Amino acid sequence: MIYLTIIISAIFVNNIVLSQFLGICPFMGVSKKINTALGMGAAVTFVMVLASMVTYLIQKYILVKFGIEFLQTIAYILVIAALVQLVEIVLKKVSPPLYQALGVYLPLITTNCAILGVAILIIQKNFSMLEGIVFAAASAIGFAFALVIFAGIREHLDLMDVPKGMRGTPIALVVAGILALAFMGFAGIV
Amino acid sequence: MTLKDNFIKGFFKENAVFVLLLGLCPTLATSSSAINGLGMGLATTFVLVMSNIVISLVKNQIPDKVRIPSFIVIIASFVTVVDLVMSGFLPDLHSSLGLFIPLIVVNCIVLGRAEAFASKNNILDSLIDGVSMGLGFAMALTILGSIREILGAGTIFGIDLSIYPTDEKGAPVTMLMFILAPGAFIVLGYLIALINKIRNV
């Protein structure tokens, strides 16, 4: 039951993009087409689950054990950067089709604040390892969900007659705001 | 390019938030009030200035292939400094900015300036660049925070403007939406549209 609460809360109620403001850059950047949005969503899900597992182990068995929790930020960002590189190399060798699909998004993920943000949130919320993994996966699915909905809206938005000054980013931000308003309707489920 | 041109470029012409659209996550998340926006802006300015200085000092010692990880370590060190100092001296601000203090590390403005400017220029220019970019960011966050605070709570920097009617219990009836998530997107959208309009005229 606790896992169900974590999943519903991470996907709908506290959606990582629309209510926590994590990962806005890819949300704005790669949401012009549904296909790229799906690719980015899959890449983020993959890396986020892997990264939160690794950072959790580092927190428990290195940082806490030696009493150096203040190095959290430095340790996490380095681990995530290295992990993304590693995933890229392994994917290229092991599964070329998957690399073809996700490859272009991987370098962008290092500076995606959602990955670091979720890794830190798991520690702040005192989750166990399994809860942390479920939370990371659900957050990433929430990210992909918001990204795909937003991409669908933007594909239609291209055909609309938007006032000149509002074209591009401004109208996209206003649309994201209305989407966030819709997601606020989920508050109270959990 | 003179120092003054350099400053105006970063502060206004290439304003990180309104023109380059960098660092949108902290912009949206920490601008729920004017004071939060200003605090986040100044924290980022400190990291930006210090990392620009250090990177421009060590730029010739770092091998080209490992420069990005090296920059990230330098930036992360200063973020840790800000995090610890803020939790010691400004605990209220620290708890309201929360997660977004460690996330300064992945703010694209900081790494962007390190890579695009500090790794190619001397200390003085890099210092000015960091100050102007950082203050431009702080200005943008403060403007956004002020608008959201006025609309959403009827206050600015915590001072009550009493612009909203009160209900029978005496509490002001405000547009709470502007303090919550949707307001951030919508206010920033209209602000950028306004800036586009001004720049094109």
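**Salt bridges, loops and hollows**

Visitor: Let's dive in: is B:D64 buried or exposed?

Guide: B:D64 counts as exposed, because its relative accessibility is 55%. Buried here means under 20% relative accessible area, exposed over 50%, and partly exposed in between (1.4 Å probe, protein chains only).

Visitor: Before I go on, what kind of model is this?

Guide: This is a predicted model, where local features need pLDDT of at least 70 and side-chain atom pairs count only at pLDDT 80 or more, while totals for chains, interfaces and linings use all residues. Residues are numbered from 1 along each chain as its sequence is written, chains are lettered from A and ligands numbered from 1 in the order in which they are written, and side-chain values use heavy atoms, with hydrogens and water left out.

Visitor: Thanks. Back to B:D64: which residue forms a salt bridge with it?

Guide: The partner of B:D64 is B:R67, and their closest N and O atoms are 3.4 Å apart. A salt bridge is a side-chain nitrogen of Lys or Arg within 4 Å of a carboxyl oxygen of Asp or Glu.

Visitor: And how many of those are there over all chains?

Guide: By that rule, the count is three salt bridges over all chains.

Visitor: Is B:R67 out in the open as well? Where does it stand, buried or exposed?

Guide: In between: B:R67 is partly exposed, because its relative accessible area is 25%. B:R67 also forms a salt bridge with B:E115, where the closest N and O atoms are 2.8 Å apart.

Visitor: Which helices do B:R67 and B:E115 lie in?

Guide: B:R67 is in helix α4 (residues 67–89) of chain B and B:E115 is in helix α6 (residues 108–118) of chain B, so this pair ties together parts that are 48 residues apart in sequence. Helices (H or I, at least four residues) and strands (E, at least two) are DSSP runs, numbered from the N terminus.

Visitor: Why does B:E115 get its accessibility class?

Guide: B:E115 is at 24% relative accessibility, so B:E115 counts as partly exposed. Taken together, B:D64, B:R67 and B:E115 form a network linked by salt bridges.

Visitor: Which residue does B:R113 pair with?

Guide: B:R113 forms a salt bridge with B:D129, and the closest N and O atoms are 3.0 Å apart. This pair links distant parts of the chain, 16 residues apart, with B:D129 in helix α7 (residues 123–153) of chain B and B:R113 in helix α6 of chain B.

Visitor: How about cover on that pair: is B:D129 buried or exposed?

Guide: B:D129 is buried, because its relative accessibility is 0%. B:R113 is buried too, with a relative accessible area of 11%.

Visitor: Switching to the backbone: what's the phi of B:L21?

Guide: B:L21 has a positive phi of about 55 degrees, although B:L21 is not a glycine. Most residues other than glycine have a negative phi. B:L21 sits in the loop between α1 and α2 of chain B and is partly exposed, with a relative accessible area of 24%.

Visitor: And what's the phi of B:F157?

Guide: B:F157 has a positive phi near 50 degrees, again in a residue other than glycine. B:F157 is in the loop between β1 (155–156) and β2 (159–160) of chain B, and at 40% relative accessibility B:F157 counts as partly exposed.

Visitor: Now the hollows. Which residues lie nearest the centre of the largest cavity?

Guide: Of the 16 residues that line the largest cavity, A:C113, B:C25, B:P26, B:V106 and B:N107 lie nearest its centre. The elements giving two or more residues to this lining are α2 (24–29) of chain A and α2 (24–29) of chain B. α2(B) gives the most, with three residues.

Visitor: What counts as a cavity, and what as a pocket?

Guide: On a 1 Å grid over the protein atoms alone, a cavity is a set of points where a 1.4 Å probe fits but cannot get out; a pocket is an open set with protein on both sides within 12 Å along at least five of seven lines, and lining residues have an atom within 4 Å of a point.

Visitor: Then which residues lie nearest the centre of the largest pocket?

Guide: A:Q72, A:Q124, B:D83, B:H94 and B:P102 do, out of 17 residues lining the largest pocket. At least two lining residues each come from α4 (72–94) and α7 (113–124) of chain A, and from α4 and α5 (91–97) of chain B. The largest share of the lining of the largest pocket, four residues, comes from α4(B).
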